[in-house]
Amino acid sequence: MRIAEVYASIQGEGQFAGTPSVFVRTTGCNLRCWFCDTPFTSWNPEGPQLAVADLVRQVRELGIEHVVLTGGEPLLQLDCVPLCKSLLAAGHFVTIETAGTVFRPAPASLMSISPKLANSAPAQVGSAASLRWQARHEQTRSNRAVIARLIEANEFQLKFVVDELSDLPDITDYLAGWPQVPGERVWLMPQARTREELEARSDWLEAEAVRLGFRFSSRWQIAQFGNQRGK
Ligand code: SF4
């Protein structure tokens with residue numbers, strides 16, 4: 001698998017926020033969200049190919065139960081299936097963080113799905129590459145059939161990135177198509193790549209999450225480290 005980094009930290013988002021975790025960050029993504037906080041896995045993917053056995057060994061050496069397979073888009077990589085099977089067999093709790101655009105039968109203790117809505121579109125800067133990514137992102141970002149399969153096969157949570165108050169109707173409209181998803185599995189997170197962005201959006205978004213019957217998730221890693229890599 002192509003891997004950007006493996007490191008120990010604290011899960012910063014969603015229902016296991018605060019839990020010590022090993023992060024296995026794959027590189028490569030089929031989207032180009034303008035707010036991507038890991039451009040080294042999307043806009044400029046970097047990192048070596050590593051064998052599943054090597055990854056399992058690295059994770060085991062860190063001695064932490066929770067493992068977060070994240071990206072980039074981890075479900076793009078075929079080896080995510082044997083990796084998750086091996087980690088689960090070794091007794092780990094495995095969270096997969098995905099945008100839910102690709103199905104892969106990778107078993108997880110928690111499938112953490114962050115659907116990308118219209119507010120994620122990459123900025124149009126006029127270059128041919130930018131225009132190509134705008135079109136590809138728009139065609140790829142929403143795949144309800146994939147999310148239905150992921151939800152059916154796993155415990156799950158849905159996380160939405162919110163930049164502005166005006167993003168909320170898009171989220172509630174989207175969720176109207178998922179009446180089987182209870183509000184307690186839906187997390188609203190501030191769009192933030194810096195502490196300042198996190199602070200600017202947290203208070204009003206927390207109040208809106210309560211009003212709408214959803215959960216609010218801060219982003220612990222941004223609050224602690226800004227957007228430092230490997231933290
Ligand atoms: S899906 Fe995630 S990794 Fe991919 S571009 Fe969007 S924010 Fe970045």
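Which residues lie nearest the centre of the largest pocket? They are Arg-25, Asp-37, Thr-38, Thr-70 and Gly-71, which belong to a lining of 42 residues. The model is predicted, and this report goes from the chain as a whole to the pocket, the ligand and the cavity.

**The chain**

The secondary structure of the chain comes to 7 helices and 8 strands. Along the principal axes, the C-alpha atoms fill a box of roughly 45 × 40 × 35 Å. A compact globule of 231 residues would have a radius of gyration near 17 Å, and the chain agrees with this because its own value is 17 Å. Of the 231 residues, 52% count as buried, where buried means under 20% relative accessible area.

**The largest pocket and the ligand**

The largest pocket has a volume of about 740 Å³. Several elements each supply at least two residues of its lining: the strands β1 (3-10), β2 (20-26), β4 (93-98) and β6 (156-162), and the helix α7 (220-225).

Where does the ligand sit? The ligand sits in the largest pocket. Around the ligand are Cys-29, Leu-31, Arg-32, Cys-33, Cys-36, Ser-42, Gly-72 and Lys-116. In this shell, the nonpolar residues number 4, the polar residues 2 and the charged residues 2.

**The cavity**

How many cavities of 30 Å³ or more does the structure hold? The structure holds 1 such cavity. About 60 Å³ of space lies in the largest cavity. Its lining is made of Phe-35, Pro-115, Lys-116, Leu-117, Asn-119, Phe-160, Val-161, Asp-167, Asp-170 and Ile-171. Two elements, β6 and α5 (168-176), each supply at least two residues of this lining.

Some names recur between these sites. Lys-116 is among the residues around the ligand and is also one of those that line the largest cavity. The strand β6 supplies at least two residues to the lining of the largest pocket and at least two to that of the largest cavity.

**Residue classes side by side**

The table sets out the classes for the ligand shell and the two linings.

| Site | Nonpolar | Polar | Charged |
|---|---|---|---|
| Shell around the ligand | 4 residues | 2 residues | 2 residues |
| Lining of the largest pocket | 15 residues | 15 residues | 12 residues |
| Lining of the largest cavity | 6 residues | 1 residue | 3 residues |

In the lining of the largest pocket, nonpolar and polar residues each number 15, beside 12 charged residues. The lining of the largest cavity has 6 nonpolar residues, 1 polar residue and 3 charged residues.

Conventions: Residues are numbered from 1 along each chain as its sequence is written. This is a predicted model: local features need pLDDT of at least 70, side-chain atom pairs count only at pLDDT 80 or more; totals for chains, interfaces and linings use all residues. Side-chain values use heavy atoms; hydrogens and water are left out. A residue is near a molecule or strand if one of its heavy atoms lies within 4 Å of it. On a 1 Å grid over the protein atoms alone, a cavity is a set of points where a 1.4 Å probe fits but cannot get out, and a pocket is an open set with protein on both sides within 12 Å along at least five of seven lines; lining residues have an atom within 4 Å of a point. A molecule sits in a cavity or pocket if more than half of its atoms lie within 2 Å of its grid points. Ala, Val, Leu, Ile, Met, Phe, Trp, Tyr, Cys and Pro count as nonpolar, Asp, Glu, Lys and Arg as charged, and the others, Gly among them, as polar. Grid points are joined across faces, edges and corners, and a volume is the space filled by probe spheres set on the points. Helices (H or I, at least four residues) and strands (E, at least two) are DSSP runs, numbered from the N terminus. The radius of gyration is taken over C-alpha atoms; the globule rule is 2.2 Å times the number of residues to the power 0.38. Buried means under 20% relative accessible area, exposed over 50%, partly exposed in between (1.4 Å probe, protein chains only).
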